[in-house]
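This report describes a protein model together with its bound ligand. Please look over the sequence and the structure before reading on.

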Amino acid sequence: MRGNFGEHFRLSIFGESHGPGIGIVIDGIPAGTPIDEAEIAQYMARRAPGKDPTATARQEGDQVEILSGVLEGRACGTPVCGLIRNTGMHSGDYRQLVGRMRPGHADYAGWVKYGGYNDPRGGGHFSGRLTAPLVFAGSIARAILREMGITIASHIERIGPVHDPSFAVHPDSALLTRLAASSFPLIDPSVEPAMRRHVEEAKAALDSVGGCVECVALGVPAGIGSPFFGSVESVFSTLAFSVPAVKAVEFGDGTAIADLMGSQANDAMTFDHGHVTCLTNHNGGVTGGITNGMPVLVRVTIKPTPSIARPQQTVDVSTGQDTRLEIHGRHDPCIVPRAAVVIESILAITLLELSMDDAATKPNHP
Ligand SMILES: Cc1cc2nc3c(=O)[nH]c(=O)nc-3n(C[C@H](O)[C@H](O)[C@H](O)COP(=O)(O)O)c2cc1C
């Protein structure tokens, strides 16, 4: 198994949903980087469960204990270890599942891969809970990016059939500040009741729903990333598809670009006060794998939560028989609102990792 990411901003996550705790070791944080624990706690709270009717009722504070690498609010330059203790477990909820594989979850694939030795309680290492350490790492990355003039925010672009409008070509920074402060971030707040109704109706029908998070980074200079394997798209996608329940990643117009002619899909370029910019952003701020100075715009599609209370057909590997399964216990009827800050975090990690790489490969202009 591979629990690590990165060559410059290096991450290694660990833990299981119902073990003593989960966490991350981060290598490569420049000495002196401010580590603001109050700000980190705000990001962690946006992902933490138990706060909203669209989320699981599992109560977790998700407080990060920093075990190493930080002194008096500044990174020491040595590895930073963040530990999040698990407190709100009901492992008994998983006894009914022994041998019975949840359709859509990792139970069967994980059981085959690890020969039944993996911890199935609460999804074990496959749990969405393992995204909490990514939010911790993302908080540190965002602090470094902010010094470079880069800010990141996201909104719930859709839940099921209910859509929020997309970001404008040049989103204004006041909108980003408003979204960053919201636990249910929307560009048009008037769509919130319809989105919530869709989740509540699914929950009442013992079902779940999916949706999409749209995330933007403003102030990204041109020149971050490389062609081919170190492209912004490839590195972001590696992280995005590492997040449980993510099923699609798009940059700019994404799959909709197939409907356009080249003359429509090309982003016309212009000088604005001496800076090169584009009149549209169909390419999502990335061309040739490299940022082009436009806002970096991504959309990440998240599937409906697999654990649902509605009876489902599945297999019992302990008896070798087909069986029926009703999953009781605490699950998110919709993962999307809690995932928004996770997507912001992985975009921050991507841009920091690649800008550190960029520092090593930039030409020396005469
Ligand atoms: C923030 C977050 C919360 C999640 N909550 C749940 C949950 O309550 N119940 C569940 O069955 N899956 C939940 N998931 C999704 C599963 O972890 C995921 O579907 C499963 O590990 C299989 O991985 P895959 O969907 O990427 O194939 C959550 C994912 C995230 C990112």
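Which strands does helix H3 lie across, and at about what angle does H3 run to E3? Helix H3, residues 131-147, lies across strand E2 (10-15), E3, E4 and E7. The angle between H3 and E3 is about 35°. The model is a predicted one.

## The sheet under helix H3

The strands that H3 crosses belong to an open sheet of 5 strands, ordered E1-E2-E3-E7-E4 and paired in the antiparallel sense. Strand E1 (4-5) and strand E4 (64-68) stand at the edges of this sheet. Each of these two has a single partner strand, so one side of each is left without a neighbour in the sheet.

Inside the order, strand E3 (residues 21-27) and strand E7 (residues 80-85) run antiparallel and are joined by 6 bridges. One position in this pairing is Gly23, whose bridge partner in E7 is Leu83. In general, strands of a sheet pair through backbone hydrogen bonds, either parallel or antiparallel.

## A second open sheet

Another open sheet also holds 5 strands, in the order E9-E8-E10-E16-E11, with antiparallel pairing. Its edge strands are strand E9 (162-163) and strand E11 (246-251), and each pairs on one side only.

Strand E8 (residues 151-159) runs antiparallel to E9, and 2 bridges join them. In this pair, Ile159 stands opposite Val162 of E9. Helix H4 (residues 173-180) packs on the sheet, where H4 touches E8 and strand E10 (211-218). The direction of H4 makes about 70° with that of E8.

## The hairpin of E12 and E13

Strand E12 (residues 269-272) and strand E13 (residues 275-278) pair antiparallel through 4 bridges. The two strands form a hairpin with 2 residues between them. In the turn, His273 has a positive phi of about 50°.

Two partner pairs can be named in this hairpin. Asp272 has His275 of E13 as its bridge partner, and Phe271 is partnered by Val276 of E13.

## The ligand and its surroundings

How many residues surround the ligand, and which are the closest? The ligand is surrounded by 17 residues, and the closest are Ala245, Lys303, Ser307, His331 and Asp332. By class, the shell around the ligand divides into 7 nonpolar, 6 polar and 4 charged residues.

Polar atoms of both backbone and side chain approach oxygen atoms of the ligand. A polar backbone atom of Phe126 is 2.9 Å from a ligand oxygen, and a polar backbone atom of Ala245 is likewise 2.9 Å from an oxygen atom of the ligand. From Ser307, a polar side-chain atom lies 2.5 Å from a ligand oxygen. On its own the ligand has 630 Å² of accessible area, and the protein covers 87% of this.

Note on methods
Residues numbered from 1 in each chain as written. Predicted model: local features only at pLDDT ≥ 70, side-chain atom pairs only at ≥ 80, totals over all residues. Heavy atoms only, no water. Pairing = 2+ DSSP bridges. Contact = heavy atoms within 4.5 Å. Axes fitted to C-alpha atoms, helices over the stretch in contact; angles between N-to-C directions. Near = heavy atom within 4 Å. Polar contact = N/O pair within 3.5 Å; in protein donor to acceptor, adjacent residues only side chain to side chain. Areas by Shrake-Rupley, 256 points an atom, 1.4 Å probe, with all protein chains shown as cover. Nonpolar A, V, L, I, M, F, W, Y, C, P; charged D, E, K, R; others polar.
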